Amino acid sequence: MHSVSEQAGQQVTTEPTLAEQLIIRELGVQDYTTVWQAMQQFTDQRNSNTADELWLLEHPAVFTQGQAGKEEHLLFPGDIPVVKVDRGGQVTYHGPGQLMVYVLLDLKRRNMGVRQLVTLLEQVLIQLLTPYGINAYAKPDAPGVYVDGGKIASLGLRVRKGCTFHGMALNVNMDLSPFSRINPCGYAGLQMIQSKDLGGPQSIAEAKQRIVQCFQQQLNVATLQHTTGLDWQND
């Protein structure tokens, strides 16, 4: 989308600024470590001319332990692998039927701080669920999004060179039982819930479509570019 303005009787077409552009990268189902390393590489290689991106995907079953993660919150991981990662937060679970949204943003370009971004991500999720009649909310002392005391979405970020990676996980239509093998996000007994059971999005496809719309509004993005695959250097 280009903006058009009148100047001296002529139409002048202006390219959208980088802050008004967003690349949506759909990755299907991908191994956690592969995508984690790709996020690090993308962030290390990006510069002031690199457009921001959202990566949308699912992971095979995996527990991830953040930088503040404590071993005692891994109760009995069993046959599910555990990956220690460089995001904030404690231990959580990712698996099929959970929508991962990795948020690769230049904070300086958008005049945002980390706390502002956390609030924006929570608002995206709340806005996503509201049309379904779901009264979701954030907690000031425990990042994420909740419904009636249960947690429907988790957040965890890392900032490097003023740019973010990692992001958020929305429980859509998944097997929630692996959460019982951990203290989710470090909270013993925290109930994890999902949108399917609340009358919200029933599929990953539905959730993806809605969440992109919410991001576009929250970030004031004029131009979306959709792509696939992890070969961003050759897009």
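**Exercise 1. Strand 7 and its partner**

Task: Find which residue stands opposite Tyr-93 in strand 7, and state in which sense strand 5 and strand 7 pair.

Solution.
Step 1. The residue opposite Tyr-93 of strand 7 is Phe-63.
Step 2. Strand 5 (residues 62-65) pairs with strand 7 in the antiparallel sense, over four bridges. Two strands count as paired if DSSP finds at least two bridges between them. Strands (E, at least two residues) and helices (H or I, at least four) are DSSP runs numbered from the N terminus.
Step 3. Val-91 and Tyr-93 point one way from strand 7, while Thr-92 and His-94 point the other way. All of these are buried, a term for under 20% relative accessible area; exposed is over 50%, and partly exposed lies in between (1.4 Å probe, protein chains only).
Step 4. In a regular strand the side chains alternate between the two faces of the sheet.

The model is predicted: local features need pLDDT of at least 70, side-chain atom pairs count only at pLDDT 80 or more, and totals for chains, interfaces and linings use all residues. Residues are numbered from 1 along each chain as its sequence is written, and side-chain values use heavy atoms, with hydrogens and water left out.

**Exercise 2. Strand 4 and its neighbours**

Task: Explain why strand 4 is described as largely enclosed by the rest of the structure, and find which residues stand opposite Leu-57.

Solution.
Step 1. Strand 4 covers residues 53-58, and six of its six residues are buried, so the strand is largely enclosed by the rest of the structure.
Step 2. Glu-53, Trp-55 and Leu-57 point one way, and Leu-54, Leu-56 and Glu-58 point the other way.
Step 3. Strand 3 (residues 21-29) runs parallel to strand 4, and six bridges join them. Here Gly-28 is opposite Leu-57.
Step 4. Strand 8 (residues 98-104) pairs with strand 4 in the antiparallel sense over five bridges. Here Met-100 is opposite Leu-57.
Step 5. Strand 3, helix 1 (residues 32-45) and strand 4 form a right-handed β-α-β unit. Right-handed means that, with the strands pointing away from the viewer, the path from the first strand over the helix to the second runs clockwise.

**Exercise 3. The largest pocket**

Task: State how much space lies in the largest pocket, and which strand supplies the largest share of its lining.

Solution.
Step 1. The largest pocket holds about 430 Å³ of space. A pocket is an open set of points on a 1 Å grid over the protein atoms alone where a 1.4 Å probe fits, with protein on both sides within 12 Å along at least five of seven lines; lining residues have an atom within 4 Å of a point.
Step 2. The lining has 28 residues, and Arg-87, Gly-88, Gly-89, Leu-155 and Gly-156 lie nearest the centre.
Step 3. Strand 11 gives the largest share, five residues. Among the other elements that each supply at least two lining residues are helix 2 (114-129) and strand 10 (142-147).
Step 4. By type, the lining has 15 nonpolar, nine polar and four charged residues. Ala, Val, Leu, Ile, Met, Phe, Trp, Tyr, Cys and Pro count as nonpolar, Asp, Glu, Lys and Arg as charged, and the others, Gly among them, as polar.

**Exercise 4. Positive phi in two loops**

Task: Locate Asp-148 and Lys-161, and decide whether each is buried or exposed.

Solution.
Step 1. Asp-148 lies in the loop between strand 10 and strand 11. Its relative accessibility is 73%, so Asp-148 counts as exposed.
Step 2. Lys-161 lies in the loop between strand 11 and strand 12. Its relative accessibility is 52%, so Lys-161 counts as exposed.
Step 3. Phi is near 50° for Asp-148 and near 55° for Lys-161. Most residues other than glycine have a negative phi.

**Exercise 5. Asn-171**

Task: State where Asn-171 lies, and what its side chain reaches.

Solution.
Step 1. Asn-171 is part of strand 12.
Step 2. Asn-171 counts as buried because its relative accessibility is 1%.
Step 3. Its side chain reaches the backbone oxygen of Ile-193 at 3.0 Å.

How values were computed. Grid points are joined across faces, edges and corners, and a volume is the space filled by probe spheres set on the points. A polar contact is a pair of N or O atoms within 3.5 Å; within protein, one must be able to donate a hydrogen and the other to accept it, and residues adjacent in sequence count only if both atoms are side-chain atoms.
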